[in-house]
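Here is a friendly walk through one protein model, moving from a single loop residue out to helix pairs and strands. Have the viewer open and follow along.

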Amino acid sequence: MPKIVEQMTEDTFLAALRSDEPQYIHDGKGLYLITAGDRTGRWAQAYMRPGKTTTTKATVGECRLGGNGRLAAASVTPEKARELGAALVLRTKNDKSFDPNAAAAAKRTETKEKAAQAKAEGAAAEKRAALREKEPNAKLWTLDLCVPQSFHACTLGYIDANPMGIGQRHLARIAEALVKHCIPLFGDKHVNDVNECDIQTVEDAMVAAGIAHTTWKVKGYCRKVFAWAAKSPRKWRTNACPVKADDGSLKAKTPRRQHRAALTEDSKLAVLVRALWAPLPKSSGVKQYSVVPSNALKFTLLTAQRYDNVRFARFDEMSDLDGAFPKWTIPAVDPHGKGKGMKGHEQKKRDGLIPDHVVYLSRQTVELVRELRAATTGDYLFPGERAGNIVMGEYQMNQRLVQLGFGKHTHEEAAHLATLSKEKRKAQADLNINPLHHTPHGSRACFRTMAKRMGVPPLVLETVIGHDDAREMLGGTARLVAMLERANTGGMGASYDRDRINALVQAAASFDLPKESLAAMQAWANYLDDLRDSRELTDQVEPLALAA
């Protein structure tokens, strides 16, 4: 029970703060002083929300003693606490939607989620430690005991670096699979000498062991290690993933570069927009449909940004949502060490030569961000739904497009290919392509192509897309002139035309990039809304149902 005093005087207040024992004092009028016995305390005001029969306390201020035994400058005095308490009681009576403890409740929920995530990561770490203890050969888990620049060393380096921000449980599965199937066969070989024959040996061994259905996973894990080895600071791997040449000989051949599939026709894009904004079917049985990948695809289409930048987008990167120029600032180098930051030359980013990328948000995008903020209490717009994953999985957006019927093959064609042998399936992989094939990265090409048709200036398009050369050019009028020259002509010969250069200087001086970028993003979002609501366009192509 609190100690009740007739009047909360300054002497009573200071005596409670100086006490070494926790104090709980009530002035009989709803104001409480709660101290911790360490010369600090807080003021709490009792209030009753409309329609309730019990009172609740909310903190209205804090107080503490300084080193000289007097009240610190930032502390709330008893008189100020009474004023704040009276204002809180009055607001709760007049505003039924006001809840003084909402922020505290959200913070408690966030603390619980972080504790659960930390517990899951700890369990995953214990599992990895248990695996290492059971392993008879400690060399398999010790980087210092590996052959330098071997596939084994690169595997452990990839696991420690975790460049994709994979959840700890999935990372443990990758490590376990590679240590079990690949390292015993070619772990000591230089990573640059691993070829198709070695990969085929692993596949044959897994087939002989009766686990042929997981060979594609292990080969995918190997590709991750090869890619990391080629991009890591040490540059261990110089050639591409081991594949077979056309004549059947074994050599490292660079895969043919392909454009990401994108829908650049009004009728087909309208089908995609309607499918993304349509409500998901109700979950039944073991099939659970998550709204996170669909929201990420909407956000990608509205902002035209890269896949990983969207996955690791944070709420604290969104600013001025209620102002005239709402924006999303993507750091050139991720300060949290989770995402990849902006794509570009790493040394230039570290030296500050490539600035942070600013994306101006349309009204529809701001509404989507607010919906996401109300749906989650974490730091990321698209959180992971499995324990240990801070963001959604790297394949979830592609999987959702496949479920919606926008994969490389239709559902019927994919089912047919699944019945064929590996050789026939590979031979027919590029046949009967789905006319509605679309990828998350293709949304950038979609915006770039169709916004150009809408008359958006080339400089604005390159700025929104976030290409390195465009962002490097934004350092002054001279660079902006060069960018305008490149965007409009693409050649160097026009640099001798001084009349044209003077015209470009005047255009650069009057060019309002933030205003033009925001106008382009708003026009693009309005265009998507028109496609979604246009029945004439969407009736031209019949969308596929969500895969069961």
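## A loop residue: I433

I433 has a relative accessibility of 37%, and because that value lies between the 20% and 50% cut-offs, the residue counts as partly exposed. Keep in mind that we are looking at a predicted model. To find I433, go to the loop that lies between α16 (422–427) and α17.

Which residues does I433 touch, once those up to four places away in sequence are set aside? They are K408 and H409. G407 also makes a useful landmark: 26 residues separate I433 from G407 in sequence, while their C-alpha atoms are 8.9 Å apart in space.

## Helices α17 and α22

Following the chain into α17 (residues 442–453), you can look at how this helix is placed against α22 (residues 513–533). Their axes come within 11 Å and cross at roughly 100°. An angle from 65 to 115 degrees counts as roughly perpendicular, so that is the label for α17 and α22.

On the α17 side, the contact is made by C446, F447 and M450, which meet M521, W524 and Y527 of α22. Sorted by class, the residues of this contact are six nonpolar, no polar and no charged.

## Helices α7 and α8

Now turn to another helix pair, α7 (residues 196–208) and α8 (residues 215–231). Here the axes come within 10 Å, with a crossing angle of roughly 155°. Because angles over 145 degrees count as roughly antiparallel, α7 is roughly antiparallel to α8. The crossing of these two helices is right-handed.

Which residues of α7 and α8 meet? From α7 come I199, V202, E203 and M206, and from α8 come T215, V218, K219, C222 and F226. In terms of class, this α7 contact with α8 holds six nonpolar residues, one polar residue and two charged residues.

## Strand β4 and its partners

Is strand β4 mostly covered or mostly open? It is mostly covered: of the eight residues in β4 (residues 40–47), six are buried. Strand β3 (residues 31–35) pairs with β4 in the antiparallel sense, over five bridges. One bridge to pick out is that of L31, whose partner in β4 is Q45. The two strands form a hairpin with four residues between them, and G37 in the turn has a positive phi of about 80°.

β4 also pairs with β5 (residues 56–64), again antiparallel, and eight bridges join these two strands. Within this pairing, G41 stands opposite C63 of β5.

## An open sheet of three strands

Further along there is an open sheet of three strands in the order β8-β9-β10, paired antiparallel. β8 (318–319) and β10 (357–360) are at the edges and each has a single partner strand, so one side of each is left without a neighbour in the sheet.

Take β9 (residues 327–330) and β10 together: they run antiparallel and are joined by four bridges. A bridge you can locate here is the one from W328 to V359 in β10.

## The whole protein

Stepping back, the protein's secondary structure comes to 23 helices and ten strands. Of its 548 residues, 40% are buried. Among the contacts with a separation of 6 or more, 61% are between residues 24 or more positions apart.

Key: Residues are numbered from 1 along each chain as its sequence is written. This is a predicted model: local features need pLDDT of at least 70, side-chain atom pairs count only at pLDDT 80 or more; totals for chains, interfaces and linings use all residues. Side-chain values use heavy atoms; hydrogens and water are left out. Axes are lines fitted to C-alpha atoms, for helices over the stretch in contact, and angles run from 0 to 180 degrees between N-to-C directions. Angles under 35 degrees count as roughly parallel, over 145 as roughly antiparallel, 65 to 115 as roughly perpendicular and the rest as oblique. A crossing is left-handed if the near helix is turned anticlockwise from the far one by less than a right angle, and right-handed if clockwise. Contact means heavy atoms within 4.5 Å. Ala, Val, Leu, Ile, Met, Phe, Trp, Tyr, Cys and Pro count as nonpolar, Asp, Glu, Lys and Arg as charged, and the others, Gly among them, as polar. Buried means under 20% relative accessible area, exposed over 50%, partly exposed in between (1.4 Å probe, protein chains only). Two strands pair if DSSP finds at least two bridges between them.
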